[in-house]
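Biologist: Hi! I'd like to get to know a new protein model today. Could you put it up and walk me through it?

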Amino acid sequence: MTPSRRLTSAEALAAAVYGQPGSGARFDWGLTGAAELGRVCAALVVVDVLSFTTAVEVAVARGMRVHPFPWGEQAAEYAVRVGATAAVGRRQTTAEHPWSLSPAALSSAPVVADLVLPSPNGSAISAAASATGLPVVAACLRNARAVGHWLRRQGYGTVDAPIGVIASGERWPDGSLRPSVEDQLGAASVLDALSGVPGGLSVEAAMALAALASTPDVPAAVRGSVSGRELTENGFAGDVDVAVRIGVSNVVPVLHQGVFSAA
């Protein structure tokens with residue numbers, strides 16, 4: 001085994017700063033941001049509006065337990081091992097197997113007890129974050145306010161028990177992170193519900209929140225975003241319609257032992 005390298009003083013200082021110390025609610029992007037805030041926060045919120053966390057909210061609201069899983073063929077094998085149903089790609093659904101990452105499809109698909117829901121962004125982040133042992137909450141535009149209020153009632157949001165809000169983002173063809181309008185607005189909606197926490201907002205969180213204040217019509221912004229147009233032009237406008245129903249849900253999906261269920 002290769003011994004771990006000790007951090008230099010400069011690296012240790014940078015690592016501390018990246019955690020956005022001294023604030024009760026913090027904000028970052030993607031898998032790396034989640035890992036960074038997962039080191040120092042007491043709870044994490046994952047936001048993937050189009051479509052993982054919206055699909056989680058829809059499924060959990062209907063009584064399903066959702067297993068996040070990184071995108072890949074192994075999801076079906078994992079589903080067999082845990083006795084769950086594996087969701088498939090949007091275009092792979094059939095009348096006999098209607099479960100997919102599509103929130104619109106999940107709104108009408110038969111209810112199953114356990115659903116394995118893979119995605120390259122929000123699901124992968126949630127699966128990785130579950131290893132921290134922290135409470136991990138799935139938030140979207142539909143339940144952002146309920147998520148914020150639940151976290152505050154649990155006592156999170158102080159300097160000693162900070163909340164990390166993660167915008168999942170999308171990916172460029174080379175696999176790198178593409179920040180997305182819908183996830184920034186979704187994360188900002190959670191931060192709006194956290195704006196009065198005792199520890200206050202980090203600079204990053206406050207700047208993310210500012211995007212919400214400057215967006216008079218959030219549904220229109222999401223529909224007109226790259227991700228919204230991509231789904232619509234590929235025949236999945238219904239998924240966008242479900243995702244932009246702001247504040248319609250009080251369901252708070254919390255990840256416990258690798259499974260999302262209602263708090």
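Modeller: Happy to, and we'll go from the overall fold down to single residues. Please keep in mind that this is a predicted model.

Biologist: Got it. How many helices and strands are in the chain?
Modeller: The chain has 12 helices and 11 strands. Its radius of gyration is 18 Å, close to the 18 Å that the globule rule gives for 263 residues, so the chain is as compact as a globular protein of that length.

Biologist: And what box do the C-alpha atoms fill?
Modeller: Roughly 60 × 55 × 40 Å, taken along the principal axes. The accessible surface of the chain is about 11900 Å², and carbon and sulfur atoms make up 55% of that surface.

Biologist: What share of the residues is buried?
Modeller: Of the 263 residues, 52% are buried.

Biologist: Let's look inside, then. Which residues have the most contacts in the largest nonpolar core?
Modeller: Those are V45, L151, V165 and V190, in a core of 41 residues. Take V190: leaving aside neighbours within four places in sequence, V190 is in contact with V45, V47, A139, A144, V147 and V165. Apart from that core there is another one, of 31 residues, including L37, F52, A59 and V66.

Biologist: Nice. Now for rings: how many aromatic pairs does the structure hold?
Modeller: Three. One of them joins F27 and W29, which meet edge-to-face, with 5.7 Å centre to centre and 75° between the planes.

Biologist: Why is that called edge-to-face?
Modeller: Planes over 60 degrees apart count as edge-to-face, and these two are at 75°, so the pair gets that name.

Biologist: Are F27 and W29 buried or exposed?
Modeller: Both F27 and W29 are buried.

Biologist: Which rings have a charge sitting over them?
Modeller: Two examples: the charged end of R90 sits over the ring of F236, 5.6 Å from its centre, and R178 lies over the face of W172, 5.9 Å from the ring centre.

Biologist: Switching topic, where is G157?
Modeller: G157 is in the loop between α7 (144-153) and β7 (163-167). With 0% relative accessibility, G157 counts as buried.

Biologist: Why does 0% count as buried?
Modeller: Buried means under 20% relative accessible area, so G157 at 0% qualifies. Beyond neighbours within four places in sequence, G157 is in contact with G24, I163, V197, P198 and G199.

Biologist: How about E230, where is that?
Modeller: E230 is found in helix α11, residues 226-233. E230 is partly exposed, at 47% relative accessible area. E182 is 48 residues from E230 in sequence, and their C-alpha atoms are 12 Å apart in space.

Biologist: Any odd backbone spots?
Modeller: A few. Most residues other than glycine have a negative phi, and most peptide bonds are trans. The peptide bond from L50 to S51 is cis, with omega near 20°. S51 has its place in the loop between β2 (43-47) and α3 (52-61).

Biologist: And which residues have a positive phi although they are not glycine?
Modeller: Q20, at about 55°, and Q257, at about 50°, are examples.

Biologist: Where do those two sit, and is each buried or exposed?
Modeller: Q20 is in the loop between α1 (9-18) and β1 (25-29), and is buried, with a relative accessible area of 7%. Q257 lies in the loop between β10 (253-256) and β11 (259-262), and counts as exposed at 74% relative accessibility.

Biologist: Thanks, that was a great tour!

Key: Residues are numbered from 1 along each chain as its sequence is written. This is a predicted model: local features need pLDDT of at least 70, side-chain atom pairs count only at pLDDT 80 or more; totals for chains, interfaces and linings use all residues. Side-chain values use heavy atoms; hydrogens and water are left out. Rings of Phe, Tyr and Trp (its six-membered ring) pair if their centres lie within 6.5 Å; planes under 30 degrees apart count as stacked, over 60 as edge-to-face and the rest as tilted. Buried means under 20% relative accessible area, exposed over 50%, partly exposed in between (1.4 Å probe, protein chains only). A charge sits over a ring if NZ of Lys or CZ of Arg is within 6 Å of the ring centre and within 35 degrees of the ring normal. A nonpolar core is a set of buried Ala, Val, Leu, Ile, Met, Phe, Trp, Tyr and Cys residues joined through side-chain atoms within 4.5 Å. Contact means heavy atoms within 4.5 Å. Helices (H or I, at least four residues) and strands (E, at least two) are DSSP runs, numbered from the N terminus. The radius of gyration is taken over C-alpha atoms; the globule rule is 2.2 Å times the number of residues to the power 0.38. Accessible areas come from the Shrake-Rupley method with a 1.4 Å probe; for residues, only the protein chains shown count as cover.
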